[in-house]
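Here's a quick briefing for anyone meeting this structure for the first time. Have a look at it first, then read on.

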Amino acid sequence: MKAPPATVKQRRPDASVAEAERQHQEQLEDELIMHLERDQFVEKTSRPVPRAALSARATAALWALRVFVVLVSLMVLYTFIDQLH
Amino acid sequence: MAAVEASTASGLALPPLSDEDAARSQDRSRVHDARHHRRRWRLLWLLVGPGILAMLGENDGPSMIAYASDGAQYGLGFFVPFIPLLFAMAYVCQEMCMRVGAVTHRGYGELVLQRLGRAWGWFGAGDLTLTNLVTLVAEFVAIRVGLAYFQLDAGVAVVLGLALVVFTLSGGRYWRWERIVLGMALFNGLFLLAAILVKPDVGAVARSFDFSPFPGGSFNTLLLLLASTIGATVTPWMIFFQQSASADKGMTPRDVNHGRWDTAAGAVLASIFGVGALIAGAALMSHHGSGIQGFAGAGFPEALKHVAGAAAGDAFAIGLIEAGAVAILTISASTAYAAGECIGVSHSFNSSPRNATLFYAANIGVALVAAAVILIPGAPLLSIALNANVLATVLLPVSLVLMVVLANDRGLMGAWANKRSTNVIGIAVIAFVGLCGAAYGIDSFLQTTHVIGS
């Protein structure tokens with residue numbers, strides 16, 4: 001029987017090792033992926049969620065909250081700065 | 001669980017696996033194994049963390065000094081049942097954070113920004129950064145008080161705090177960070193030890209659960225007490241932290257029940273240890289305890305040493321160092337989560353510093369700025385520390401309202417949205433916190449501007 005060329009003889013084990021490593025890597029990745037939910041991937045969570053459609057009442061309530069907090073915060077900061085003196 | 005099955009069923013391609021996904025998936029594989037083999041205790045061990053850390057993190061240096069100060073000034077009574085009541089309120093808020101994080105896999109900051117608009121998102125982040133910075137200064141002051149008991153100075157407090165932040169960040173894994181901080185947080189139990197060492201009258205402690213005697217003093221003093229005690233129990237950073245940490249941990253809707261146990265355990269432990277600090281402080285009531293400046297010198301630990309022995313003083317001092325240190329780690333983390341979420345860059349302990357540079361820089365940077373403040377000669381540290389809890393209370397209603405809006409968002413939460421009973425309790429909590437904060441803010445302002453007398 002004719003022996004295969006030396007170059008092929010040397011390459012074949014390397015190729016099979018690389019292939020086995022690739023398959024092992026893929027298997028590991030598959031196992032890892034199995035434990036995450038689809039919407040848990042970074043690629044998914046980095047996509048923004050759409051803006052919520054708030055009712056007019058909710059928008060008005062949030063505006064009232066904004067005004068309330070700004071006013072009270074200013075009062076507390078004024079008091080705090082006054083106490084420092 | 002569902003990713004591969006879902007992709008097979010629907011024929012859709014899976015997204016690429018990042019290093020952050022790979023790290024999170026390894027943690028999830030252990031949860032999957034524990035659930036599959038019905039190892040209940042191991043499953044609980046794997047899933048606890050964000051809830052206990054949020055609650056014990058809030059039992060921070062200023063809070064424990066505030067509880068001890070309440071005890072020293074008013075003794076047992078109103079505050080013994082009031083502290084557990086506040087932690088029950090905190091549970092209602094934190095359970096929502098955990099649930100939203102587990103269901104959406106997103107942090108609070110990014111959801112507010114994307115779902116409710118940039119103005120609210122940046123307002124929330126600004127509110128958080130301000131209150132966190134002020135609170136972090138107070139944490140370093142609390143560590144300094146604990147170290148002063150052992151004749152160590154502010155420089156040691158700065159080095160210790162910053163070294164801890166860098167050390168816990170060094171692993172590049174959420175799991176490692178969480179377990180180190182969780183291990184440290186259990187030393188919050190030293191306040192319970194301090195309470196036992198002062199040999200309190202157990203009967204008097206039991207009798208105080210009828211909320212009496214009610215603290216006396218002026219209306220403004222009462223409002224300050226309520227506002228600072230509420231600020232010592234529920235704060236904006238806890239909301240940002242627990243939701244983001246739950247998402248970073250990789251929790252899913254299947255883990256929500258365990259998340260509830262985690263949050264409840266945190267609330268129970270924090271209220272027991274908080275009451276411990278109060279009881280230890282109450283031992284000083286008949287020894288001119290009301291005159292102790294909690295944030296000056298060695299404060300309460302030194303006073304306890306003279307009244308109840310060196311062991312009680314040691315336990316309280318080490319407890320203060322621990323409380324400050326744990327809070328520095330959790331509060332820095334909440335700032336880093338908020339910064340990453342609002343700017344829209346990688347924000348996970350599972351990412352490497354190269355991939356999440358802003359997250360790591362914000363984590364160390366905010367602690368660095370706070371540390372620098374306590375080294376400034378003549379800085380008004382006492383005023384900052386005393387006002388930190390009040391400022392947090394005043395700004396808290398915004399964070400809570402937005403949290404309730406998110407938890408009710410069926411587009412995000414689906415079947416996991418708030419039930420009517422949760423909304424009723426949640427709105428009652430917000431109304432109570434908002435009224436106390438606003439009443440104190442308005443009353444103090446009117447007194448400062450001499451519109452009303454003190």
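What volume does the second largest pocket have? It comes to about 430 Å³. Keep in mind that this is a predicted model. Below are some notes on that pocket, followed by two loop residues with a curious backbone angle.

**The second largest pocket**

- Its lining is made up of 25 residues, and the closest to the centre are Thr45(A), Ser46(A), Glu110(B), Val345(B) and His347(B).
- Several elements give two or more residues to this lining: from chain A there's α2 (42-45), and from chain B there are α2, α7 (108-116), α14 (236-249) and α17 (310-343).
- The most comes from α17(B), which puts in 4 residues.
- Sorted by character, the lining has 11 polar, 8 nonpolar and 6 charged residues.

**Two loop residues with positive phi**

- As background, most residues other than glycine have a negative phi.
- Arg38(B) isn't a glycine, yet its phi is positive, near 55°.
- You'll find Arg38(B) in the chain B loop between α2 (19-36) and α3 (40-47).
- Arg38(B) counts as exposed because its relative accessibility is 73%, and the cut-off for that is over 50%.
- Lys199(B) is another non-glycine residue with a positive phi, this one about 50°.
- Lys199(B) sits in the loop that runs between α11 (190-197) and α12 (202-207) of chain B.
- With a relative accessible area of 70%, Lys199(B) is exposed.

Definitions and conventions. Residues are numbered from 1 along each chain as its sequence is written. Chains are lettered from A and ligands numbered from 1 in the order in which they are written. This is a predicted model: local features need pLDDT of at least 70, side-chain atom pairs count only at pLDDT 80 or more; totals for chains, interfaces and linings use all residues. Side-chain values use heavy atoms; hydrogens and water are left out. Buried means under 20% relative accessible area, exposed over 50%, partly exposed in between (1.4 Å probe, protein chains only). On a 1 Å grid over the protein atoms alone, a cavity is a set of points where a 1.4 Å probe fits but cannot get out, and a pocket is an open set with protein on both sides within 12 Å along at least five of seven lines; lining residues have an atom within 4 Å of a point. Grid points are joined across faces, edges and corners, and a volume is the space filled by probe spheres set on the points. Ala, Val, Leu, Ile, Met, Phe, Trp, Tyr, Cys and Pro count as nonpolar, Asp, Glu, Lys and Arg as charged, and the others, Gly among them, as polar.
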